[in-house]
Structure formats: structure tokens, C-alpha cells
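Me: I am new to this structure and would be grateful for a close look at one part of it. Please begin with a single residue and then work outwards to its surroundings.

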Amino acid sequence: MSEATRTRTHAPEVRQRAVEILQEGVGHRALAAKLGIPQATARQWARAYAVGGADAVLNAGARHHTYSYDVKLAVVKDRLENGLTVREAMIKHKIPSESSVKAWCRQYRESGESALVDKPRVKKAE
């Protein structure tokens with residue numbers, strides 16, 4: 001896998017420093033510049049911080065969250081029909097992951113409400 005496509009994780013010290021900077025009210029561009037991280041990462045951390053505070057940045061990805069159909073549908077409706085931005089929808093519904101909101105909206109656009117229903121996970125045969 002190339003360096004550009006590999007998912008990178010950031011050291012706990014970097015995340016801690018990001019929290020300190022975000023507590024100062026700094027925007028994502030300044031956060032990216034101060035820490036030398038991609039703007040997309042800084043934007044994601046800033047949105048997660050707005051939703052869940054320091055814990056959402058420090059423990060991002062540590063737990064797999066599942067959301068009910070009703071929550072997913074409410075997020076999608078607010079985003080697509082009521083004109084909320086991704087950030088506004090995340091904050092309103094306390095969803096710390098920008099990618100979840102975007103994925104639910106994409107699934108809804110492609111396949112309608114039924115796409116938001118959780119499907120049972122199938123274990124791979126060993």
C-alpha cells in the first residue's frame with residue numbers, strides 16, 4: 001500500500017495537543033498548520049470536538065458506535081431536507097463521525113430509507 005493511501009493514526013500526544021489548541025477556539029486550518037497534519041484531519045477533529053469534546057478527539061475510533069434507524073433517518077433528513085450542514089447535523093444529533101453522516105446521506109440518496117436499516121453482520125468462514 002502506498003504512503004498516500006495508507007490510513008495513518010496520530011500519536012496520543014498529537015491528539016492531546018490538538019485538544020489544547022481546539023480549546024483555545026482555533027479553527028481547523030490553524031490547527032492543521034500548528035500540528036503539521038492534513039486539513040481534512042484537522043477539520044474532522046474540530047467537528048468531533050464540537051460534538052463530543054476532548055474525549056471525541058482523544059478516543060476517536062476506539063469504540064464502534066451503532067445508531068438506530070431512527071437516528072440515521074433524522075440525521076439524513078436534517079442534512080438533505082432541512083439544509084443543515086454536516087457539522088450542524090453532527091452537533092444536533094451528537095454523531096462524532098463526519099464519515100458516518102456522509103455515508104448515511106449517500107446510502108439514502110442511492111437506495112432510499114431502506115438503506116439505513118442495519119443488516120446483520122455475517123462472520124467470515126475461517
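Is D78 buried or exposed, and what is its relative accessible area?

Reply: The structure is a predicted model, and what follows should be read in that light. D78 is buried: its relative accessible area is 7%, and the limit for counting a residue as buried is under 20%.

Although buried, D78 takes part in a salt bridge with K92, in which the closest N and O atoms are 2.9 Å apart. Because D78 belongs to helix α4 and K92 to helix α5, this pair ties together parts of the chain that are 14 residues apart in sequence.

Another charged residue to consider is K77. With a relative accessibility of 24%, K77 counts as partly exposed. Its side chain meets that of E81 in a salt bridge of 3.4 Å, N to O. K77 also forms a salt bridge with E113, where the closest N and O atoms are 3.5 Å apart. The pair of K77 and E113 joins distant parts of the chain, since K77 is in helix α4 and E113 is in the segment after α6, 36 residues away. E113, like K77, falls in the partly exposed class, at 33% relative accessibility. Across the whole structure, a search finds 8 salt bridges.

The nonpolar surroundings come next. The largest nonpolar core contains 15 residues, and those with the most contacts inside it are V75, V76, I95, V101, W104 and L116. Three helices each supply at least two residues of this core: α4 (69-80), α5 (86-93) and α6 (98-111). The greatest contribution comes from α6, which gives 4 residues. V75 shows how such packing looks from one side chain's position: apart from neighbours within four places in sequence, V75 is in contact with A89, H93, I95, V101 and W104. A second core, separate from this one, has 11 residues, including V19, A32, W45 and V57.

Helix α6 deserves attention of its own. It has 14 residues, and the distance from its first C-alpha to its last is 20 Å, close to the 20 Å expected at 1.5 Å a residue. Its buried residues are E98, V101, A103, W104, C105 and Y108. These buried residues pack against α3 (39-58), α4 and α5. Just after the helix, G112 adopts a positive phi of about 80°.

W104 has a further role in the picture, through its ring. The structure holds 1 aromatic pair. It is formed by Y67 and W104, whose ring centres are 5.4 Å apart and whose planes stand at 75°, so the pair is edge-to-face. This pair also links distant parts of the chain, with Y67 in the loop between α3 and α4 and W104 in helix α6, 37 residues apart. Both Y67 and W104 are buried.

E98, another of the buried residues of α6, leads to helix α3. A network of salt bridges links R47, E98 and K102. R47 is found in helix α3 and counts as buried, at 17% relative accessibility. Leaving aside neighbours within four places in sequence, R47 is in contact with V86, R87, M90 and E98.

Helix α3 also contains A42, which is buried at 0% relative accessibility. Not counting residues up to four places away in sequence, A42 touches H28, L31, A32 and I37. A42 and A18 are 24 residues apart in sequence, while their C-alpha atoms are 8.3 Å apart in space.

Finally, there is the matter of confidence. The mean pLDDT of the chain is 85, and 86% of its residues reach 70 or more. The helix containing D78, α4, has the highest confidence, at a mean of 96, whereas the lowest is in α3, at 87. Over residues 1-6 the pLDDT is below 50, and beyond near neighbours in sequence this stretch has 2 contacts in the model. Where pLDDT is low, predicted coordinates should not be read in detail.

How values were computed
Residues numbered from 1 in each chain as written. Heavy atoms only, no water. Core = buried A, V, L, I, M, F, W, Y, C linked by side-chain atoms within 4.5 Å. Buried < 20%, exposed > 50% of the residue type's maximum accessible area, 1.4 Å probe, protein only. Contact = heavy atoms within 4.5 Å. Expected span 1.5 Å × (residues − 1). Salt bridge = Lys/Arg side-chain N within 4 Å of Asp/Glu carboxyl O. Phe/Tyr/Trp six-rings, centres within 6.5 Å; stacked < 30°, edge-to-face > 60°. pLDDT = per-residue confidence, 0-100.
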